Amino acid sequence: MKSEIKNEMEITFDAVASNESLARVTVAAFATQVDPTLEELADVKTAVSEAVTNAIIHGYGNVEGLGKRGMEVPAANKSRGKVRMLCRLENGVLSVTVEDRGKGIRDVARAMEPLFTTRPDLDRSGMGFAFMEAFMDDLQVESEPGVGTIVRMQKKLVSGPWIMT
């Protein structure tokens, strides 16, 4: 039975905009082993995209390929950094952890408020955490200024048989 699959994978990548799509595709490919619906995959990909983009932009200040084109980024604000993504599947539940060692978040509760953004200069909508909460079944955020941020998300991917008898 596919819901009994137990598996784990980890990937670490540079905190650059082009790797956001790598993270989305990787988590989707990993999740397919439990045969999720297209809607479930789209939800997971959106949540992962938001978490990884937050790490790149807010954790490390990397904006190349994101936001306004042609915007100069002061050298002091560039930090290559790494983003770590850990995915686990167990009993039909996908757990995704996205972690950075960037600047961290001073006020997590405030950062999670819809429409709050620290980067309006990049046309950021402030909806990243709201999307993560809406598309996943569980969201937890831990952060410490100067240490980094860990975003933990879960989604149940196996909802039972297609045809009910």
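In this predicted model, five strands come together as an open sheet, arranged in the order β1-β2-β3-β5-β4 with antiparallel pairing. The edges are formed by β1 (6–14) and β4 (138–144), each of which pairs on one side only. From one strand to the next, the twist averages 10 degrees. As general background, strands of a sheet pair through backbone hydrogen bonds, in either a parallel or an antiparallel sense.

A convenient place to begin a closer look is the pairing of β1 with β2, which is antiparallel and extends over nine bridges. Here M9 stands opposite C87 in β2. Strand β2 covers residues 82–90 and includes L86. With a relative accessible area of 7%, L86 falls under the 20% cut-off and therefore counts as buried. Setting aside neighbours within four places in sequence, L86 is in contact with E8, M9 and E10, and also with S95, V96 and T97. The C-alpha atoms of L86 and V27 are 9.2 Å apart in space, although the two residues are separated by 59 residues in sequence.

Two helices can be described relative to this sheet. Helix α1 (residues 18–31) lies across β1, β2 and β3 (93–100), and runs at about 170 degrees to β1. Helix α2 lies across β1, β2, β3 and β5 (148–156), and its direction makes an angle of about 175 degrees with β5.

Attention then turns to the interior. In soluble globular proteins, nonpolar side chains tend to be buried together. The largest nonpolar core of this model has 38 residues, of which V48, M85, L94, V96, F129 and M153 touch the most other members. Helix α2 (residues 38–59) gives the most to this core, contributing eight residues.

M153 offers a good view of these surroundings. Leaving out neighbours within four places in sequence, its contacts include A47, V48 and A51. M153 is also in contact with L94, S95, V96 and V98, as well as with M132, M136, D138 and L139. Two of the residues named here, V48 and V96, are themselves listed with M153 among the core residues that touch the most other members.

What of N54, a residue found in helix α2? N54 has a relative accessible area of 17%, so this residue is buried by the under-20% criterion. Beyond its neighbours within four places in sequence, N54 is in contact with G59, F129 and M132. F129 is one of the core residues that touch the most other members, while M132 is also a contact of M153.

Methods. Residues numbered from 1 in each chain as written. Predicted model: local features only at pLDDT ≥ 70, side-chain atom pairs only at ≥ 80, totals over all residues. Heavy atoms only, no water. Core = buried A, V, L, I, M, F, W, Y, C linked by side-chain atoms within 4.5 Å. Buried < 20%, exposed > 50% of the residue type's maximum accessible area, 1.4 Å probe, protein only. Helix = DSSP H or I, 4+ residues; strand = E, 2+ residues; numbered from the N terminus. Contact = heavy atoms within 4.5 Å. Pairing = 2+ DSSP bridges. Axes fitted to C-alpha atoms, helices over the stretch in contact; angles between N-to-C directions.
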